[in-house]
Amino acid sequence: MRQILSKHKGEMVVFLIVTILYLLISIAFASKTSIFYDTHNKYDVLLNTDTGVLLNWNTFAIAQDNSKHILFSAIVSLFAYPIFLISQNLAKTGTQFTHIYGFGLIILQILISATSVTLIYSCIKDLCKKRLTRVLIIGIMIVSFPQIFMSVNIERFIYAQLSLVVFIFLVSKLKNQESYLIDIAAIPLFGITLTNIYVYFINLLLEFKINLKKILTHLSLLVAMSYFILVSTKSYNSFFLVKNTINSDSMFIATLPILEKIKMTILRLIYPILYFPGQEILYNTKMVQNGAVNKVFLILGAIVLLLAIIGGIRNFKKKVPKLCLGIILANIVLHGVIGYSLDSANIMVIHFTFAIILLLGYLAQTLSKKQTKLLNVFLGIVFITIVISNIQGFIEIFNLGVQSYPR
């Protein structure tokens, strides 16, 4: 037991740091405002998230979600339903139910987020032997805008990130061994966010190439398990409505001139990979994403993305870097090229920021001692600027919350 604890000491420290840091942020906000869980049943209050509406629908505990998230409620309710029951009982003592339940869900999200960060750190630890480098890399993930925001603000995205991270973690740890664990891990991939199933198919092609027998065997298992779960959780109604959801979501596709779309991709999708997005307050009731950003931060973020891509290219013979590059490319195509939710792309970056962080670990693995020192200096600068950016941005959220959504 002592050997196990000693071996995973770093992971436990990371988990505790993330949990404590995010809890402190949440407590500071919850003491004055309900903006991270109760927005008076309004859509898009914070950067186009569905926070208050999801809470009122009780999507996390008892209500079935839509066809983009077929098994979301079935999976998340395993953890959220006990919180819902405890909140109901505590509310009988006189404390407002919404505040108890909302903060309980935030705690759950923080634990989910801490798990994702810890799994990524475990992968990086295997790659990067220099402690300072891996601390800086995982530190950037911890203080990045999407990781903090999607942890302390009630939404679906942090659960989708965990499904992706668990899948990549298993692929990394299995080291090209064939395993049906990958097929099991694919169920939350499509169940929580339907479109993320593409990662499973990419992995199948990388693993088995043109071996159709192997591919069909694994696909058959996935289909059989998915069918059993859809029927047993009575989630099949959402499955049959996928076409309607696709049609309704077409309204979120931006049809713009190519140069304007490239500009928006850089400012609205690439910039908030790490930094608090350009934003403005409308009507003193909501914060929306706009195109005004800090140009120095933008350059630093673009360099981080470029370094991650270089890390992936240098390790392209390995499967995990290929998957990470595929995840980054798929999101840029979906939101940048196709233009889906490009206006509010900041909420989508949580789906691929972790891939960038992991590729930085692969990059560090290939560097000389001198190059590693230069990378550490650069990562330190990035870390400090991210902290500055997020302090400024979250103060704006706090002020908006206190003014329009007070406790």
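Reader: Why are helix 9 and helix 11 called oblique to each other?

Author: In this predicted model, helix 9 (residues 181-192) and helix 11 (residues 212-232) pack at an angle of about 55 degrees. Roughly parallel needs an angle under 35 degrees, and roughly perpendicular needs 65 to 115. The angle of about 55 degrees fits neither range, so the pair counts as oblique. The axes of helix 9 and helix 11 are 9 Å apart, and their crossing is right-handed.

Reader: How do you know that helix 9 meets helix 11, and which residues are involved?

Author: Contact means heavy atoms within 4.5 Å. On the helix 9 side, the residues are Asp-183, Ile-184, Ala-186, Ile-187 and Phe-190. They meet His-218, Leu-221, Leu-222, Met-225, Ser-226 and Ile-229 in helix 11. By class, this contact has eight nonpolar, two polar and one charged residues.

Reader: What makes helix 15 oblique to helix 16?

Author: Helix 15 (residues 295-314) and helix 16 (residues 319-337) pack at an angle of about 140 degrees. Roughly antiparallel needs an angle over 145, and roughly perpendicular ends at 115. An angle of about 140 degrees meets neither condition, and helix 15 is therefore oblique to helix 16. Their axes are 8 Å apart. The crossing of helix 15 and helix 16 is left-handed.

Reader: Which residues of helix 15 and helix 16 meet, and what classes do they divide into?

Author: Helix 15 contributes Leu-305, Ile-309, Gly-312 and Ile-313, while helix 16 contributes Pro-321, Leu-325 and Ile-328. These residues divide into six nonpolar, one polar and no charged. Gly counts as polar, so Gly-312 is the polar residue here.

Methods:
Residues numbered from 1 in each chain as written. Predicted model: local features only at pLDDT ≥ 70, side-chain atom pairs only at ≥ 80, totals over all residues. Heavy atoms only, no water. Axes fitted to C-alpha atoms, helices over the stretch in contact; angles between N-to-C directions. Helix = DSSP H or I, 4+ residues; strand = E, 2+ residues; numbered from the N terminus. Left-handed = near helix turned anticlockwise from the far one by under 90°.
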